[in-house]
Amino acid sequence: MSEALSSPGKSIPWFQIFKYTVYSLLCINTVFFFQEEYAASAFMFSNGINFSQMIEAYSATIDTASWVVLLLVFEMETHVISDEKLHGLLKAGLNGLKGLCYVFILYALYGYISTYTSLLNFESSAVTELCSMAGQSFSFMTTLDEFVPIASEGCLGLSNSTQFFELPGTTILADAETLKLAQNLAMIDVINATTWVCLVFILTIDIWLQMKEELTDKMMKVSTYIKAVIYLILIACAVFWGIDGKFIDFWDAFLWIVAFFFIEMNLFEWHAEVEERVGHHDVA
């Protein structure tokens, strides 16, 4: 594979600056997700958060942070570290770090599923007017992970509905429209996270085979077709967030698709270099 800066006197290409800018923006998004989930946890877990609830409260933060680390490991394996150095303790260390990321990613997927199922637990409420709950520590869910305290001032503008739902064990209220939107967004989170797990599974196999110099052109072609379908699903999730979700979710999804496009380019370049060096192309 190519090392990032193969020639000491060579200036840094603009493409590399763009790529690492995208990676940096993804790191910044982790902070944004933490701030958002920290604020939401005060409403969802008003009695405090125990260890078993951490993943439900901070699923997006844990998920994003794990993916950032995994992305950087993929970048090192496919572009930064040369084949000659990618062995022994270094290879074992990177594999161990990836394994830890996989654990947290699957843990975060469980958190997304838990969030979705908790939204299915909303029950019909006796409340017919939001303003009647003003000053009683109740909050209104405006969308997924966003809540507004119900106060006498401004309560009329929260919802025109006369039918509300509440989450047992909390003081959270939602109308039918908002609850349905939150459930849909939570389902998209589950679909998106599951799809990314499938993508990274295939990509991990590609990299493992490439390290062993056993990734053939035919395997690459089949892998590319499968991943094309996966990326279409991820793009569809991003479009849904762009229409009915929050900009940060759409922006984050867009950045991740771009970031892993860079990894795919690294893999193609690495594969081409190995094929040229070894000279065992598939025969049609």
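User: What's the handedness of the disulfide between C131 and C155?
Analyst: The disulfide is right-handed, because the torsion about the S-S bond of C131 and C155 is about 100 degrees. Keep in mind that this is a predicted model. The S to S distance is 1.9 Å.

User: Where do C131 and C155 lie?
Analyst: Both are in loops. C131 is in the loop between β1 (123–124) and β2 (139–143), and C155 is in the loop between β3 (146–149) and β4 (164–166). The pair therefore ties together parts that are 24 residues apart in sequence.

User: Is that pair buried or exposed? What about C131 and then C155?
Analyst: They fall in separate classes. C131 counts as partly exposed, at 21% relative accessibility. C155 is buried, with a relative accessible area of 3%.

User: How many disulfides does a search of the whole structure find?
Analyst: One.

User: Why no bond for C101?
Analyst: The closest cysteine sulfur, in C27, is 12 Å from the sulfur of C101, so the gap is too far for a bond. C101 counts as buried, at 5% relative accessibility.

User: And C237, what is its nearest cysteine sulfur?
Analyst: That of C198, 12 Å away, and C237 is in no disulfide. C237 counts as buried too, at 4% relative accessibility.

User: Switching topic. What pattern does the protein follow along the sequence?
Analyst: The order is α-α-α-α-β-β-β-β-β-α-α-α. That is seven helices and five strands.

User: How many residues, and what share of them is buried?
Analyst: The protein has 284 residues, and 44% of them count as buried. Along the principal axes, the C-alpha atoms fill a box of roughly 75 × 40 × 35 Å.

User: What share of the contacts comes from residues 24 or more positions apart?
Analyst: 79%, taken over contacts with a separation of 6 or more.

User: Now helix packing. At what angle do α1 and α3 pack?
Analyst: About 165 degrees, with the axes 8 Å apart. α1 and α3 are therefore roughly antiparallel. The crossing is left-handed.

User: Which residues of α1 and α3 meet?
Analyst: From α1, the list includes Y20, Y23, L26, C27, F33 and F34. From α3, it includes A60, A65, V68, L71 and L72. By class, this contact has twelve nonpolar, six polar and three charged residues.

User: So C27 turns up again. What about α3 and α4, how do their axes cross?
Analyst: The axes of α3 (residues 59–80) and α4 (residues 88–119) come within 8 Å and cross at roughly 150 degrees. α3 and α4 are therefore roughly antiparallel to each other. α3 passes α4 in a left-handed crossing.

User: Which residues make that contact of α3 and α4?
Analyst: On the α3 side, I62, W67, V69, L70, V73, F74 and M76 are among them. On the α4 side, L94, L97, C101, Y102, F104 and I105 are among them. The class count is 16 nonpolar, five polar and three charged residues.

User: Last one. Where is E36 found?
Analyst: E36 is in helix α1 (residues 14–44).

User: Is E36 buried or exposed?
Analyst: Buried, because its relative accessibility is 18% and the cut-off for buried is under 20%.

User: Which residues does E36 touch?
Analyst: D145, E146, K246 and I248, leaving out residues up to four places away in sequence.

Methods. Residues are numbered from 1 along each chain as its sequence is written. This is a predicted model: local features need pLDDT of at least 70, side-chain atom pairs count only at pLDDT 80 or more; totals for chains, interfaces and linings use all residues. Side-chain values use heavy atoms; hydrogens and water are left out. Helices (H or I, at least four residues) and strands (E, at least two) are DSSP runs, numbered from the N terminus. Buried means under 20% relative accessible area, exposed over 50%, partly exposed in between (1.4 Å probe, protein chains only). Contact means heavy atoms within 4.5 Å. Axes are lines fitted to C-alpha atoms, for helices over the stretch in contact, and angles run from 0 to 180 degrees between N-to-C directions. Angles under 35 degrees count as roughly parallel, over 145 as roughly antiparallel, 65 to 115 as roughly perpendicular and the rest as oblique. A crossing is left-handed if the near helix is turned anticlockwise from the far one by less than a right angle, and right-handed if clockwise. Ala, Val, Leu, Ile, Met, Phe, Trp, Tyr, Cys and Pro count as nonpolar, Asp, Glu, Lys and Arg as charged, and the others, Gly among them, as polar. A disulfide is a pair of cysteine sulfur atoms within 2.5 Å.
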